[in-house]
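Biologist: Please take me through one part of this model up close. Keep it simple, and build the picture piece by piece.

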Amino acid sequence: TKKQKQKQVFKIGDEVYGESRGTMAQIICVGVNSIALKPKNISFAEAASLPVAGSTALQALRDHGKLTAGGEVLVIGASGGCGFLGVQMAKAFGASRVVGVCSSKNSLWVKETLGADEVHEYDTTGKHLPSTEKKFDVIYDTVTSSHDHNFEPEGSKLLKKKGRYVLINGGAWKMVSMVFKLITRINFGNSTLFLSKVNRADLETIKDMVEKNQVKPFLDEEVPFEDEKIEKAFQKLKSRRTRGKMVVLIPPLAQE
């Protein structure tokens, strides 16, 4: 932080992390409610990967999934940018059983590194979800969208009676239903599509989880600040085949 004209929250020299538009720059202006002190035990690059994806996973499980200790959770897209944090946060919340759905190439990583109790490989089962009599309190779906496979019809059958199905993407009908819910405050069924909003309180919660080693960031790639490499990085993101997050490294500002 360099300058603070509002109510004193941070001091000059504080190491912070957060979210704002136009962050691919050496100097930016950001509101104090969109940043928090950076976790002390990780790098700036690792910290940069957490605000949006971390807030999404946190709000999905805690606010929309109403996850409590002892709950059972299914994370669809468990190795992706939002899913890998969802697996770790579910364990941090005290879930008794966390099942991750991912590709076969990432299954060992999801189980041994992220701590999933069970892993289901969607690419070896024709993109089907686990066939199990044990149902879930929360299903956190980071994959279903108009551009990818729709897991919701099958996944909804895996919910407990009062379970919650939480999506962060969706097709046209899901978008319409989300707008309707925002206007009327009426929710249909146990399925929720939401858009996360970064705020300082949640960033502080994520910081606490990271410093307690309950949540660890993982960078698929650190991308140099070069046009061609940034373009390739965005193409990789669009493929939805990254493991963890990708971060663009902004060169430091030359000192005069």
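**Where helices H2 and H3 cross**

Modeller: Helices H2 and H3 make a right-handed crossing. Let us stay with this pair for a while. Keep in mind that the model is predicted.

How is such a pair described? Two packed helices are described by the angle between their axes and the distance between those axes. For H2 and H3 the angle is about 50°, and the axes are 9 Å apart. Angles from 65 to 115 degrees count as roughly perpendicular, and those under 35 as roughly parallel. An angle of about 50° fits neither range, so H2 and H3 are oblique to each other.

Now find the residues that touch. From H2 come Ala53, Gly54, Ala57, Leu58 and Leu61. From H3 come Leu85, Gly86, Met89 and Ala90. Sorted by class, this contact has 7 nonpolar residues, 2 polar ones and no charged ones. Glycine is counted as polar here. One general point helps when you read such a list. An α-helix has 3.6 residues a turn, so residues three or four places apart point the same way.

Look at H3 on its own next. This helix runs over residues 83–92. H3 is mostly covered, with 8 of its 10 residues buried. The buried ones are Gly83, Phe84, Leu85, Gly86, Val87, Gln88, Met89 and Ala90. Buried means under 20% relative accessible area. Just after H3 comes Gly94, with a positive phi of about 95°.

Met89 deserves a stop. Leaving out residues up to four places away in sequence, Met89 touches Gly54, Ala57, Leu58, Leu61, Ile206, Met209 and Val215. Gly54, Ala57, Leu58 and Leu61 belong to the H2 side of the crossing. Ile206 and Met209 sit in H7. Met89 therefore has contacts in both H2 and H7.

Step back to the core around this spot. In soluble globular proteins, nonpolar side chains tend to be buried together. The largest nonpolar core here holds 38 residues. Leu61, Val73, Met89 and Tyr140 touch the most other members of that core. Several elements give two or more residues each: H2, E3, H3, E4, H4, E6 and H7. Apart from this core lies another one, of 15 residues. Ile76, Tyr122, Phe136 and Phe151 are among its members.

H2 has a second helix partner, H7. Which way do these two lie? They pack at an angle of about 95°, with their axes 10 Å apart. That angle falls between 65 and 115 degrees, so H2 and H7 are roughly perpendicular. On the H2 side, the contact uses Pro51, Gly54, Ser55, Leu58, Gln59 and Arg62. On the H7 side, it uses Asp202, Leu203, Thr205, Ile206 and Met209. By class, this contact has 5 nonpolar, 4 polar and 2 charged residues. Gly54 and Leu58 appear in both of the H2 contacts.

Follow the chain out of H2. The loop between H2 (51–64) and strand E3 (72–76) holds Lys66. Lys66 has a positive phi of about 55°, although it is not a glycine. Is Lys66 buried or partly exposed? Its relative accessibility is 49%, so Lys66 counts as partly exposed. The cut-off for exposed is over 50%.

H4 is another helix that gives residues to the largest core. Ser107 lies in H4. Its relative accessibility is 13%, so Ser107 counts as buried. Leaving out residues up to four places away in sequence, Ser107 touches Cys102, Val119 and Glu121. Ser107 and Ser79 are 28 residues apart in sequence, and their C-alpha atoms are 8.1 Å apart in space.

Finish with the whole protein. The secondary structure comes to 8 helices and 10 strands. Of the 256 residues, 42% count as buried. Take the contacts with a separation of 6 or more: 67% of them join residues 24 or more positions apart.

Conventions: Residues are numbered from 1 along each chain as its sequence is written. This is a predicted model: local features need pLDDT of at least 70, side-chain atom pairs count only at pLDDT 80 or more; totals for chains, interfaces and linings use all residues. Side-chain values use heavy atoms; hydrogens and water are left out. Helices (H or I, at least four residues) and strands (E, at least two) are DSSP runs, numbered from the N terminus. Buried means under 20% relative accessible area, exposed over 50%, partly exposed in between (1.4 Å probe, protein chains only). A nonpolar core is a set of buried Ala, Val, Leu, Ile, Met, Phe, Trp, Tyr and Cys residues joined through side-chain atoms within 4.5 Å. Contact means heavy atoms within 4.5 Å. Axes are lines fitted to C-alpha atoms, for helices over the stretch in contact, and angles run from 0 to 180 degrees between N-to-C directions. Angles under 35 degrees count as roughly parallel, over 145 as roughly antiparallel, 65 to 115 as roughly perpendicular and the rest as oblique. A crossing is left-handed if the near helix is turned anticlockwise from the far one by less than a right angle, and right-handed if clockwise.
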